[in-house]
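Work through the exercises below with the structure open. Try each task before reading its solution.

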Amino acid sequence: MTATVEVISDITDEAEQPDADTIAAWCQTALLAAGNLKPVADNAEISVRIVSEAESAELNSQYRNKANPTNVLSFPSDLPASVATLLDTLPLGDLVICQAVVSREAGEQNKSLSDHWAHMVIHGVLHLLGFDHQNDSDAEQMENLEIDILKSLNIADPYENRSIPST
């Protein structure tokens, strides 16, 4: 299975974000790992936008009724199956990642910036596939899958030293 990943950055300081190929590889890794639990079409497509804090806050307010910017927002595609079958690629949805929030969190959590970016991309892709953390059972399943995927990339468990509950 191969996924097409389009990365669009609205941020001019690209030193604080991974390149498009790296983001695409993380998306692909998440899709392959999750494919055993939630099958994904061979022609999947994901759009990733990297945005400012202002845009993240606006989207978070509009779609989640939360006033602050957030690290990643996931917008799964809601195309009807009858339309999706007519397309060459199946849109899974869009990820919106706030570069400033991811950078700040990495520092606050004493994580490498690259590792935290990988986690946020993988977390977002899992949301596109229907995983969530609305209750303890679902959160445990999603977090364990994230840990396994990150481990395959030689990235430490992001929840290991967590002092606050997941959001």
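**Exercise 1: one glutamate and its partners**

Task: Find the polar partners of the E146 side chain, then place E146 in the fold and judge its exposure.

Solution.
- Step 1. A polar contact of 2.4 Å joins the side chains of E146 and H119. This model is a predicted one.
- Step 2. Look for a second partner. The side chain of Y159 makes a polar contact with that of E146 at 2.8 Å.
- Step 3. Locate the residue. E146 sits in helix α6, which spans residues 136-152.
- Step 4. Check exposure. The relative accessible area of E146 is 0%. The cut-off for buried is under 20%, so E146 is buried.
- Step 5. Widen the search to contacts, setting aside neighbours within four places in sequence. E146 then touches H119, I122, H123, L126 and Y159.

**Exercise 2: the whole chain**

Task: Describe the fold order of the chain and decide how its radius of gyration compares with the globule rule.

Solution.
- Step 1. Count the elements: six helices and four strands.
- Step 2. Put them in sequence order. The pattern reads β-α-β-α-β-α-β-α-α-α.
- Step 3. Compare sizes. The radius of gyration is 15 Å, close to the 15 Å from the globule rule for 167 residues, so the chain is as compact as a globular protein of that length.
- Step 4. Check burial. Of the 167 residues, 41% count as buried.

**Exercise 3: charge**

Task: How many positive and negative side chains does the chain have, and how far apart are the centres of the two sets?

Solution.
- Step 1. Count charges: 8 positive and 27 negative side chains.
- Step 2. Locate the centres. The two sets have centres 7 Å apart.

Terms used:
Residues numbered from 1 in each chain as written. Predicted model: local features only at pLDDT ≥ 70, side-chain atom pairs only at ≥ 80, totals over all residues. Heavy atoms only, no water. Helix = DSSP H or I, 4+ residues; strand = E, 2+ residues; numbered from the N terminus. Rg over C-alpha atoms; globule rule 2.2 N^0.38 Å. Buried < 20%, exposed > 50% of the residue type's maximum accessible area, 1.4 Å probe, protein only. Lys, Arg positive; Asp, Glu negative; His and termini not counted. Charge placed at Lys NZ, Arg CZ, Asp CG, Glu CD. Polar contact = N/O pair within 3.5 Å; in protein donor to acceptor, adjacent residues only side chain to side chain. Contact = heavy atoms within 4.5 Å.
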